[in-house]
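Please examine the sequence and the three-dimensional structure shown below. The paragraphs that follow lead through its parts in turn.

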Amino acid sequence: MAPPASKRSGYSRRAQFSSFLSHTAGVVGVVIGLVLIVISAVNPSSFQSLRAIAADATDPAAEATAKGRSFGDNVLNSVTGFFKMGSRHAKLEKELAIAKSRLVEAEAIEAENARLKDMLKLTRTRKDVVAVATLTASTPSSTRRFATLGVGRNKGLEKGMPVRSARGLIGRVLEVGQTSARVLLITDTESLVPIRRTKDGVAGFAQGQGDGTLRVRLVNLGINPLKKGDVIVSSGAGGLYRPGTPMAVLTEILRDGAIARVISNPTDADYVLVERAWAPEAPPVEAPAEKP
Amino acid sequence: MLEGPTTRRDDGPRPRINRAPSPILAQVVPWLSVVLATIVPTWFVIASAPMFPPFGFLTFLAWRQLRPGLLPLWAGLPLGLVDDLFSGQPFGSAVLLWSLAAMAIDNLEERFPWRNFATEWLVATSLIILYILGSYLLSNLVAANAPIHVVVPQLVISIFAYPLIGRLVAVLDRLRLTAVRISR
């Protein structure tokens, strides 16, 4: 298709001017973009209030979709389950396949039941839980891993609070709005969680890689004691993340560490818990002398 | 561009009495569709890897290719701002890249006034690749480095998704110019 005739400004002053103006406006867009990038590179949290307002504004719709999403996930689980079996037992009769897909469906429901029961137990027994909420949105087309929570300052959320599901650690609260909050997932490249191996407490750090895996680095250099299939939990070193929260399973051993797959996939977590930021208990000190 | 409620397209259906395209609809649909394509996909999955194509950018690109000049050259600024609020990218990355893409398309249009499917496809595909790599580099600038293989699936999905988005935008374009009842 040829470009519209209005693009060729010819001798008309007015047309020339408007063409010039629109080109200038394009360049202005580029310049403003560059300025914004520099500002956010220097101070990544500089536009958080804007983001919080935007997230608050879309929160009702996002939450409605989140409710539909868990239903859609169940359907999707049943469908993928059906296809996996179909490829394996291509010759089996249709009825059997349907029966199996029903079985998968039942299993999914059972697993969900167990998870919800877990969650209830957790909220009943734990006093440090600030809120139980749904993850309403995420950033599926960026290499950064953020998610949005359906609760915010209205439920007492604060920056830095760890977020977990019944299965394991999910991330921590990064920016708080009135009715929504932004969570930095542990799979984001900026997330660094102190960890230890469950068996013997070999200590290290887990950094996200942006693709659902974690890069585990050990504190002590030397022979790498890690084995495939080891489970790592948060160690609580330095505070913030409660020690012993399950995190990931090692899938690949590297020379100086390992690659681990996260246990608690945030997509499967219908509900997440926001906990108070954990602080290691201060060592017992004697009462100051000047106080009576 | 529409001049008034009585405008009609030569290739459109035969106009009916008392029906004409609404100028409001004709202006609003492209902007609204890009904004919705930016925001709505973020609700559907809590992603642990970049798995969705950048729908907002693809829609923007499709509008610019289908109807050059309908979205002005500066449209990347407001629409990119909206995208930056939700995309998770460092703020300003979409403003910059969308504006650059709009200018690139504009330049190519002037250079190759008669295009065919192959050139359109080639232009769109190269812009998508450049956009995804550009977003990747900009987010690495702000955060710690993610390995490059993270964006490869997204690249492939986006290239295949673009023709579908193009079809969708074409449907929206027809909706945009549907004749509605004129109220006087």
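In this predicted model, the largest nonpolar core holds 91 residues. Those with the most contacts inside this core are A:Val173, A:Val183, A:Ala206, A:Ile232 and A:Met247, together with B:Trp98 and B:Ala101. Helix H4 of chain B, residues 93-111, supplies the largest share of the core, namely nine residues. As a general background, nonpolar side chains in soluble globular proteins tend to be buried together. For B:Ala101, the contacts beyond four places in sequence are with B:Leu61, B:Leu127 and B:Tyr131.

The contact between the chains may be considered next. Chain B contributes 56 residues to this contact, and chain A contributes 55 residues. On the side of chain B that touches chain A, the elements giving two or more residues are helix H3 (76-87), H4 and helix H5 (117-142) of chain B. H4(B) gives the most to that side, with eight residues. Sorted by class, the side of chain B that touches chain A comprises 39 nonpolar, 15 polar and two charged residues.

Chain B as a whole has six helices and two strands. Along the sequence these elements follow the pattern β-α-α-α-α-α-α-β. Its C-alpha atoms fill a box of roughly 60 × 35 × 25 Å along the principal axes. Chain B has 184 residues, of which 43% count as buried. Among contacts in chain B between residues at least 6 apart in sequence, 70% join residues at least 24 apart.

Helix H3 of chain B illustrates the burial within this chain. H3(B) is mostly covered, with ten of its twelve residues buried. The buried residues of H3(B) are B:Gly76, B:Leu77, B:Leu79, B:Gly80, B:Leu81, B:Asp83, B:Asp84, B:Leu85, B:Phe86 and B:Ser87. Just after H3(B), B:Gly88 adopts a positive phi of about 90 degrees.

Attention now turns to the strands of chain A. In one arrangement, six strands of chain A close into a barrel in the order S7-S8-S9-S12-S11-S10, with antiparallel pairing. From one strand to the next, the twist averages 40 degrees. Within the barrel, strand S8 (residues 203-208) and strand S9 (residues 213-218) of chain A pair in the antiparallel sense over five bridges. One bridge places A:Gln207 with its partner A:Arg215 in S9(A). S8(A) and S9(A) form a hairpin with four residues between them, and A:Gly210 in the turn has a positive phi of about 85 degrees.

S9(A) also pairs with strand S12 (residues 257-262) of chain A, in the antiparallel sense and over five bridges. Here A:Thr213 has A:Arg261 in S12(A) as its bridge partner. Another pairing of the barrel links strand S10 (residues 231-234) of chain A to strand S11 (residues 246-254) of chain A; these strands run antiparallel and are joined by three bridges. A:Ile232 stands opposite A:Ala248 in S11(A), and A:Ile232 is also among the residues with the most contacts inside the largest nonpolar core.

Chain A also contains an open sheet of seven strands, in the order S1-S13-S4-S5-S6-S3-S2, with antiparallel pairing. Strand S1 (129-133) and strand S2 (135-138) of chain A stand at the edges of this sheet, each with a single partner strand, so one side of each is left without a neighbour in the sheet. Neighbouring strands of the sheet are turned by 35 degrees against each other on average, direction ignored.

Inside the open sheet, strand S5 (residues 169-176) and strand S6 (residues 181-185) of chain A pair in the antiparallel sense over five bridges. A:Arg172 has A:Leu184 in S6(A) as its bridge partner.

The loop between S5 and S6 of chain A holds A:Gly177. Is A:Gly177 buried or exposed? A:Gly177 is buried, because 24 other C-beta atoms lie within 10 Å, and a residue counts as buried at 20 or more. Its contacts, leaving aside residues up to four places away in sequence, are A:Ala52, A:Ile53, A:Ala55, A:Asp56, A:Gly152 and A:Arg153. For one of these contacts, A:Asp56, the C-alpha atom is separated from that of A:Gly177 by 6.6 Å, although the two residues are 121 residues apart along the chain.

Technical notes
Residues numbered from 1 in each chain as written. Chains lettered and ligands numbered in written order. Predicted model: local features only at pLDDT ≥ 70, side-chain atom pairs only at ≥ 80, totals over all residues. Pairing = 2+ DSSP bridges. Axes fitted to C-alpha atoms, helices over the stretch in contact; angles between N-to-C directions. Core = buried A, V, L, I, M, F, W, Y, C linked by C-beta atoms within 7 Å. Contact = placed C-beta atoms within 7 Å. Nonpolar A, V, L, I, M, F, W, Y, C, P; charged D, E, K, R; others polar.
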